[in-house]
Amino acid sequence: MIDAYELFAKLPKAELHLHIEGSFEPELMFEIARRNEIDIPFATVEELRKAYDFSNLQDFLDIYYQGMNVLQTEQDYYDLTWAYLERVNEDNVRHVEIFFDPQGHTERGVPFETVITGIRAALEDGKSQLGISYKLIMSFLRHLSEEDAFDCLEQAKPFLKWIDGIGLDSSEKGNPPEKFARVYEDCRGLGLKLVAHAGEEGPADYVWSALNILKVDRLDHGNRSLDDPELVVHLADRQMALTVCPLSNLKLCVVQDMKNHPMRVMLEKGLLVTLNSDDPSYFGGYVNDNFKALHDALDMCVEEAVALAKNSFTGSFLEASDIRGWHDLIDAQVAEMAG
Ligand SMILES: Nc1ncnc2[nH]cnc12
Ligand SMILES: [Zn+2]
């Protein structure tokens with residue numbers, strides 16, 4: 001009998017919820033801090049890792065923004081992105097749709113151009129050297145104002161040919177989607193794909209707002225949707241993709257125990273759920289580690305592993321013909337491994 005984890009690990013996958021700044025491993029952070037002559041308030045990599053102990057989203061965000069402070073040059077952004085791509089190549093991730101948080105950099109004086117040029121150069125090298133295709137999603141920080149978001153959009157305008165979509169992240173509670181209704185409307189007019197974090201810590205109402213007011217094409221997290229049966233039916237009927245992040249949910253106390261993770265329930269209710277790592281350096285693992293954690297807690301079956309691998313492409317912004325191609329490849333690989 002084929003093991004569900006072994007199967008998932010080997011199958012081609014897409015990752016749809018990944019903050020590139022959240023893939024910043026402590027070793028690389030120290031190296032970049034040293035070359036930029038910036039002090040980190042931790043003496044060693046081990047001490048830094050010990051600080052990754054969070055009670056909620058805000059606890060994490062405080063250390064996440066501090067971590068990205070050492071990034072300054074195009075080379076820094078290249079190295080950060082390249083390290084992520086090399087790592088997920090080992091997990092057989094073949095397509096990535098990654099977030100970056102421009103405001104976390106521009107508000108420290110790093111030009112928008114420096115950030116996006118470095119990230120894009122690594123993504124292009126990932127495509128040519130590792131065969132990993134990509135989309136790039138610019139996220140607005142929701143704890144900042146609507147005016148700040150519009151300012152970020154202005155800075156992005158010369159680079160829109162490199163940007164596939166926009167997202168909304170950072171402190172959810174008290175910053176409902178409607179705060180950014182007009183920014184999203186403009187971005188929709190620019191032909192950008194729209195996603196937003198909703199229902200991670202915030203209520204199911206925020207998921208409704210993301211759908212009805214922001215008109216998102218995909219939802220990030222969405223865990224709290226399960227509090228509202230009508231919303232669950234609506235999401236399932238529309239086959240709205242949800243980018244779920246189990247290790248993140250555990251580390252940020254969105255779930256108290258992996259045994260209570262809603263992934264299985266979500267699958268059973270017919271939701272188009274995908275599996276992602278969110279901020280792998282901070283939450284203890286990349287996409288295959290996320291499956292392993294679910295498998296250890298919930299004893300995932302082969303059908304669930306296959307469904308998650310296929311959903312990762314279904315929920316992507318790839319062309320329909322490419323998605324079909326990946327599904328066919330997964331079916332062929334499953335048949336070969338089962339036989
Ligand atoms: N899980 C998360 N939720 C909200 N904002 C984030 N920024 C990085 N990771 C995040
Ligand atoms: Zn996230």
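**Exercise 1. Which residues of helix α8 are buried, and which are exposed on the other side?**

Start by finding helix α8 in this predicted model; α8 runs over residues 146–156.

Step 1. Pick out the buried residues: they are Ala149, Cys152 and Leu153.

Step 2. Look down the axis. Those three span an arc of only 100° around it, so they sit on the same side of α8.

Step 3. Now turn to the other side of α8, where Glu147 and Glu154 are exposed.

Step 4. Check what lies over the buried residues. The cover includes α6 (103–106), β3 (133–141) and α9 (181–189).

**Exercise 2. Describe how helices α5 and α7 pack.**

Step 1. Know what to look for: a pair of packed helices is described by the angle between the axes and the distance between them.

Step 2. Locate the two helices. Helix α5 takes in residues 74–90 and helix α7 residues 112–130.

Step 3. Give the geometry. The axes come within 7 Å and cross at roughly 35°, and the crossing is right-handed.

Step 4. See who meets whom. From α5, the residues in the contact include Tyr77, Tyr78, Trp82 and Leu85. On the α7 side, Val115, Ile119, Ala122 and Leu123 are among them.

Step 5. Sort the contact by class: ten residues are nonpolar, seven are polar and three are charged.

**Exercise 3. Which residues have the most contacts inside the largest nonpolar core?**

Step 1. Recall the background: in soluble globular proteins, nonpolar side chains tend to be buried together.

Step 2. Here, the largest nonpolar core has 92 residues.

Step 3. Inside that core, Ile98, Ile119 and Ala210 have the most contacts. You've already met Ile119, in the contact of α7 with α5.

Step 4. Zoom in on Ile98. Leaving out residues up to four places away in sequence, Ile98 touches Leu18, Ile20, Tyr134, Leu136 and Ile137.

**Exercise 4. Where is glutamate 200, and what is it in contact with?**

Step 1. Find the spot: glutamate 200 is in the loop between β5 (193–198) and α10 (204–212).

Step 2. Count neighbours. Glutamate 200 has 22 other C-beta atoms within 10 Å, and the cut-off for buried is 20 or more, so this residue is buried.

Step 3. List the contacts. Setting aside neighbours within four places in sequence, glutamate 200 is in contact with Leu57, Glu172, His221, Asn223 and Val254.

Step 4. Compare sequence with space: glutamate 200 and cysteine 245 are 45 residues apart in sequence, and their C-alpha atoms are 9.8 Å apart.

**Exercise 5. Place arginine 188 and valine 302 in their helices.**

Step 1. Take arginine 188, which is in helix α9. With 16 C-beta neighbours inside 10 Å, it's partly exposed.

Step 2. Add its contacts: arginine 188 touches Leu194 and Lys215, once residues up to four places away are left out. Along the chain, arginine 188 is 22 residues from isoleucine 166, while 9.3 Å separates their C-alpha atoms.

Step 3. Move on to valine 302, found in helix α16 (residues 302–314). Its count is 18 other C-beta atoms within 10 Å, so valine 302 is partly exposed.

Step 4. Follow valine 302 to its partners. Not counting residues up to four places away in sequence, they are Ile2, Ala4 and Leu7. Glutamate 268 is 34 residues from valine 302 in sequence and 14 Å from it, C-alpha to C-alpha.

**Exercise 6. Are glutamine 239 and aspartate 299 buried or exposed?**

Step 1. Find glutamine 239 in the loop between α11 (229–238) and β7 (241–244). It has 12 other C-beta atoms within 10 Å; exposed means 12 or fewer, so glutamine 239 is exposed.

Step 2. Find aspartate 299 in the loop between α15 (287–298) and α16. With 10 C-beta neighbours inside 10 Å, aspartate 299 is exposed.

Step 3. Check the backbone. Phi is near 50° for glutamine 239, a positive value in a residue other than glycine. For aspartate 299, phi is near 55°, again a positive value in a non-glycine residue.

Notes
Residues are numbered from 1 along each chain as its sequence is written. Chains are lettered from A and ligands numbered from 1 in the order in which they are written. This is a predicted model: local features need pLDDT of at least 70, side-chain atom pairs count only at pLDDT 80 or more; totals for chains, interfaces and linings use all residues. Helices (H or I, at least four residues) and strands (E, at least two) are DSSP runs, numbered from the N terminus. The arc is that of the directions from the helix axis to the C-beta atoms. Two residues are in contact if their C-beta atoms, placed from the backbone, lie within 7 Å. Axes are lines fitted to C-alpha atoms, for helices over the stretch in contact, and angles run from 0 to 180 degrees between N-to-C directions. A crossing is left-handed if the near helix is turned anticlockwise from the far one by less than a right angle, and right-handed if clockwise. Ala, Val, Leu, Ile, Met, Phe, Trp, Tyr, Cys and Pro count as nonpolar, Asp, Glu, Lys and Arg as charged, and the others, Gly among them, as polar. A nonpolar core is a set of buried Ala, Val, Leu, Ile, Met, Phe, Trp, Tyr and Cys residues joined through C-beta atoms within 7 Å.
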